[in-house]
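Subject: Structure handover

Hello,

Here is the structure I promised to pass on. Please open it alongside this email, and my notes follow below.

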Amino acid sequence: AKSGAHRLVSAKALEFGVLTRALPFIEVNSFSPPLNMTRSDAEDAVERYGKALDAVTPDLARLADKAA
């Protein structure tokens, strides 16, 4: 059974200002950055996404415990 962990990550990333898409056919988040994105923009997006992952980790651990 799919846990939907990628949906939790996508929702948390949005809270941190990073728009991702939780794909419906595989548990993956997809990014579509603008073509005019600067290196600084990319670094900021990666930093924000990392913060979102840190913030959602306790929720992911609870999901893993339920699945075990």
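**Salt bridges and their surroundings**

R62 is partly exposed, because its relative accessibility is 47%. Please keep in mind that this is a predicted model. R62 pairs with D59 in a salt bridge, and their closest N and O atoms are 2.3 Å apart. Both residues sit in helix α2, 3 residues apart, or about one turn of the helix. D59 has a relative accessibility of 29%, so D59 is partly exposed as well.

Why would such side chains pair? Side chains of opposite charge can do so when their charged atoms come close.

Helix α2 covers residues 39-67, and R48 and D44 both lie in it. Their side chains form a salt bridge, at 2.9 Å from N to O. The spacing here is 4 residues, again about one turn of the helix. R48 has 35% relative accessibility and therefore counts as partly exposed. D44 also has a relative accessible area of 35%, so D44 is partly exposed.

Now to the other helix. Helix α1 spans residues 5-15 and holds both E15 and K12. These two side chains meet in a salt bridge, with 3.2 Å from N to O. They are 3 residues apart, about one turn of the helix. Is each partner buried or exposed? E15 is exposed, because its relative accessibility of 59% is over the 50% cut-off. K12 is buried, because its relative accessibility of 18% is under the 20% cut-off.

How many salt bridges are there by this rule? The count is 5. The three described above are among them.

**Overall layout**

The chain has 2 helices and 2 strands. Read from the N terminus, the order of the elements is α-β-β-α. The C-alpha trace spans about 45 × 25 × 15 Å along its principal axes. The chain has 68 residues, and buried residues account for 21% of them.

**The largest pocket**

What is the volume of the largest pocket? It comes to about 300 Å³. The lining has 16 residues, and those closest to the centre are V18, L19, F31, M37 and A45. Which element gives the most to the lining? That is α2, with 6 residues. By type, the lining of this pocket has 10 nonpolar, 3 polar and 3 charged residues.

As background, rolling a probe the size of a water molecule over the atoms shows where empty space is left.

**A nonpolar surface patch**

Take a look at F25, I26 and V28 on the surface. These residues form a nonpolar patch there. Together they have about 290 Å² of accessible area. Where does V28 sit? V28 is in the loop between β1 and β2. Strand β1 runs over 21-22, and strand β2 over 29-30. V28 has a relative accessible area of 32%, so V28 counts as partly exposed. That value is also over the 30% cut-off for joining a patch.

**Where to look**

For a quick tour, begin in helix α2 with the R62 and D59 pair. Stay in that helix for R48 and D44. Then go to helix α1 for E15 and K12. Next, find the largest pocket through V18, L19, F31, M37 and A45. Finish at the patch of F25, I26 and V28.

Best wishes

Terms used: Residues are numbered from 1 along each chain as its sequence is written. This is a predicted model: local features need pLDDT of at least 70, side-chain atom pairs count only at pLDDT 80 or more; totals for chains, interfaces and linings use all residues. Side-chain values use heavy atoms; hydrogens and water are left out. Patches are made of residues with over 30% relative accessible area and no salt bridge: like charges are joined within 9 Å, nonpolar side chains (Val, Leu, Ile, Met, Phe, Trp, Tyr) within 5 Å. Accessible areas come from the Shrake-Rupley method with a 1.4 Å probe; for residues, only the protein chains shown count as cover. A salt bridge is a side-chain nitrogen of Lys or Arg within 4 Å of a carboxyl oxygen of Asp or Glu. Buried means under 20% relative accessible area, exposed over 50%, partly exposed in between (1.4 Å probe, protein chains only). On a 1 Å grid over the protein atoms alone, a cavity is a set of points where a 1.4 Å probe fits but cannot get out, and a pocket is an open set with protein on both sides within 12 Å along at least five of seven lines; lining residues have an atom within 4 Å of a point. Grid points are joined across faces, edges and corners, and a volume is the space filled by probe spheres set on the points. Ala, Val, Leu, Ile, Met, Phe, Trp, Tyr, Cys and Pro count as nonpolar, Asp, Glu, Lys and Arg as charged, and the others, Gly among them, as polar.
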